[in-house]
Amino acid sequence: MSRRASPGHQIDAITDTLALPIGEVRLGDCLEVLSDFPKESIDLAFLDPPFNTGKHQSTHVASYEDTWSGIQEYLRYMRPRVEIICHTLKPTGVILLHCDWRTCHHFRLLLDAILGEANFVNHLIWSYGLGGSSPRRFARKHDDILFYAKGETYFFDPPLVPATSNRMKGQMKKATDVIEIPSINNMAAERVGYPTQKPLALLDMLVRACCPEHGIVLDAFCGSGTTLVAAAQSGRRFIGIDTHQEAVRIARTRCEKAADEINN
Ligand SMILES: C[S@@+](CC[C@H](N)C(=O)[O-])C[C@H]1O[C@@H](n2cnc3c(N)ncnc32)[C@H](O)[C@@H]1O
């Protein structure tokens, strides 16, 4: 893909509204928070919403509800939120929507309808390994990340990964649409105990690839703030939103720590 927007270093309208120079985390339903948000201000919107698992997602540190009466109710909830997130994108902005086999096909059609089929860029597979197998089917060991652009021109800096073929042994190559990064293990230092916390390595790769340096990343379902930390550490600015007080507290703590590490 050769279409590429220049990173641009102009002061964005949104910058003036940020509580912190590098970003902020807001408490609330993203539908409400984004309703008075500047349009066309975001370079990268990443979202990892509840997956419609039918479970109360809970750990010792936090919990959130992931139960709907069925797929239609779930989509009635998600549709206006995905729409408003798309409205925040700059003309050169992109969206990465993280989901799994339960809803991926619905979100693909939804994003086709909102942004246009022509603006589909990739269906990324995050292959996380770990876990058991099933006697009834191939074990489900990946999540889906749908990548759409707002328009014809957008930023993309292809990530490099170690080559695996004998011919290119020891060299790096451009990543494919299958991303192999393990999910966070129980002993990992980055684990904060938030349910469904995603690995920083995954978000680091996505943020660097899909948002220009100094650009603005929005995560409207930010949970423990993994995307925001990845943005801060890579020189991007961020806005995080979550409905849960505990998520916001954890995300703010992680972001402050990341900011301290950058400044020291
Ligand atoms: C899958 S988790 C995100 C996990 C996150 N990516 C991480 O690494 O920690 C989904 C989050 O969406 C939040 N959420 C659900 N509905 C929301 C809404 N309408 N607005 C903002 N946040 C919402 C939940 O509280 C939960 O923290």
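**View 1. The buried residues of helix H2 in this predicted model.** Tyr74, Met78, Val82, Ile85 and Thr88 are the residues of H2 that are buried, and they pack against strand E2 (42–47), strand E5 (89–99), helix H3 (104–115) and strand E11 (216–219). An α-helix has 3.6 residues a turn, so residues three or four places apart point the same way.

**View 2. The length and the kink of helix H2.** Helix H2 runs over residues 71–88, and because 18 residues at 1.5 Å a residue should span 26 Å, the separation of 26 Å between its end C-alpha atoms agrees with what is expected. Along this helix there is a kink of about 25° at Met78, shortly before the proline Pro80; Met78 is also one of the buried residues of H2.

**View 3. The shell of residues around the ligand.** There are 22 residues around the ligand, of which Tyr64, Phe221, Gly223, Ser224 and Thr226 come nearest. Helix H1 (30–33) and strand E12 (237–242) are the elements that give two or more residues to this shell. By character, the shell comprises ten nonpolar, seven polar and five charged residues.

**View 4. The surroundings of Pro199.** Pro199 lies in the loop that joins strand E10 (178–180) to helix H4 (200–210), and it counts as buried because 20 other C-beta atoms lie within 10 Å, the cut-off being 20 or more. When its neighbours within four places in sequence are left aside, Pro199 is in contact with Ile181, Ser183 and Ile184. Pro182 is 17 residues from Pro199 along the chain, and the C-alpha atoms of these two prolines are separated by 7.8 Å.

How values were computed: Residues numbered from 1 in each chain as written. Predicted model: local features only at pLDDT ≥ 70, side-chain atom pairs only at ≥ 80, totals over all residues. Helix = DSSP H or I, 4+ residues; strand = E, 2+ residues; numbered from the N terminus. Expected span 1.5 Å × (residues − 1). Bend = angle between axes of the 7 residues up to and from the residue. Buried ≥ 20, exposed ≤ 12 C-beta atoms within 10 Å, placed from the backbone. Contact = placed C-beta atoms within 7 Å. Near = placed C-beta within 6 Å. Nonpolar A, V, L, I, M, F, W, Y, C, P; charged D, E, K, R; others polar.
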